[in-house]
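Good morning, everyone, and thank you for making time for this short talk. Please have the sequence and the 3D view open, since I will be going from place to place in them.

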Amino acid sequence: MCHADGDALRGCRGLPDPTARLACYDALADAARPAVALLPASAPSPEAAFGLPESRRPDSIDAVRSAVGPHFAGWGPNSRIRLDNGQVWQVVDGSSVVVSDGARAVTVKRGALGSFLLDIEGLKTSPRVRRVE
């Protein structure tokens, strides 16, 4: 600590008012802290973050469109379904459906109370899912 810093600390210590004394110490600490330029945090795209646990933000999206590959033949309870965009969703409602093999367009949509539904092209039923990858 240099001599000037010692004098400044003694000056703060000599202040009788506790609020003024604290403000003096805070000002010394702020002056000693090096200035750091804050860079904007790179946030994932809304589509990449869709379905991951997070608070609902005004810029969040309500659905993601993708597809399932040619070997998709349906699902059962706890099945994991990998979408062509790399996301993996797990069936959480205990439902099961068997369909003929084939690629299909899918849409994952927000449901009630923070849940998600997987709409699959050509089917009238949508399993409730949660994102695992």
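**Starting from strand E4**

Let me begin in strand E4, residues 88-91, where Val 88 and Gln 90 point one way while Trp 89 and Val 91 point the other way, and where all of them are buried. Buried means under 20% relative accessible area, exposed means over 50%, and partly exposed is in between, with a 1.4 Å probe and protein chains only. When I say strand or helix, I mean a DSSP run, with strands (E) of at least two residues and helices (H or I) of at least four, numbered from the N terminus.

Before going further, I should say that this is a predicted model, in which local features need pLDDT of at least 70 and side-chain atom pairs count only at pLDDT 80 or more, while totals for chains, interfaces and linings use all residues. Residues are numbered from 1 along each chain as its sequence is written, and side-chain values use heavy atoms, with hydrogens and water left out.

Now for the neighbours of E4. Three bridges join E3 to E4, and these strands run antiparallel; here two strands count as a pair if DSSP finds at least two bridges between them. Within that pairing, Arg 82 has Val 88 in E4 as its bridge partner. The hairpin of E3 and E4 has five residues between the strands, and Gly 86 there takes a positive phi near 95 degrees. E4 is also joined to E8 by three bridges, again antiparallel, and the bridge partner of Trp 89 in E8 is Arg 131.

Staying with this region, look at Arg 80, which sits in strand E3. Is Arg 80 buried or exposed? At 52% relative accessibility, Arg 80 counts as exposed. Leaving out residues up to four places away in sequence, Arg 80 touches Val 88, Trp 89, Gln 90, Val 132 and Glu 133, where a contact means heavy atoms within 4.5 Å. Arg 80 and Arg 131 are 51 residues apart in sequence, and their C-alpha atoms are 9.2 Å apart in space.

**The whole sheet**

Let us step back to the sheet. Six strands form an open sheet in the order E1-E6-E7-E8-E4-E3, with antiparallel pairing. Its edge strands are E1 (63-68) and E3 (80-82), each of which pairs on one side only. From one strand to the next, the twist averages 35 degrees, an angle between lines fitted to C-alpha atoms, taken between N-to-C directions and running from 0 to 180 degrees.

Further along that order, strand E6 (residues 104-110) and strand E7 (residues 116-120) are joined by five bridges and run antiparallel. Lys 109 stands opposite Leu 117 in E7, and Arg 110 stands opposite Phe 116. In E7 the side chains alternate, so to speak, between two faces: Phe 116, Leu 118 and Ile 120 point to one face and are buried, whereas Leu 117 and Asp 119 point to the other and are not. E7 is in turn joined by two bridges to strand E8 (residues 128-131), antiparallel once more, with Leu 117 opposite Arg 128.

On the edge strand E1 we find Ser 66, which is buried at a relative accessible area of 16%. Which backbone atom does the side chain of Ser 66 reach at 3.2 Å? That atom is the backbone nitrogen of Asn 85, and the backbone nitrogen of Asp 84 lies 3.4 Å from a polar atom of the Ser 66 side chain.

**The helices and the disulfide**

Along the sequence, the pattern is α-α-α-β-β-β-β-β-β-β-β, that is, three helices and eight strands. Cys 12 and Cys 24 form a disulfide with their sulfur atoms 1.8 Å apart, the cut-off being cysteine sulfur atoms within 2.5 Å. This pair links distant parts of the chain, with Cys 12 in helix H1 (residues 3-13) and Cys 24 in helix H2 (residues 18-32), 12 residues apart. The torsion about the S-S bond of Cys 12 and Cys 24 is about -70 degrees, so the disulfide is left-handed. Cys 12 is buried at 0% relative accessible area, while Cys 24 is partly exposed at 23%.

Notes. Polar contact = N/O pair within 3.5 Å; in protein donor to acceptor, adjacent residues only side chain to side chain.
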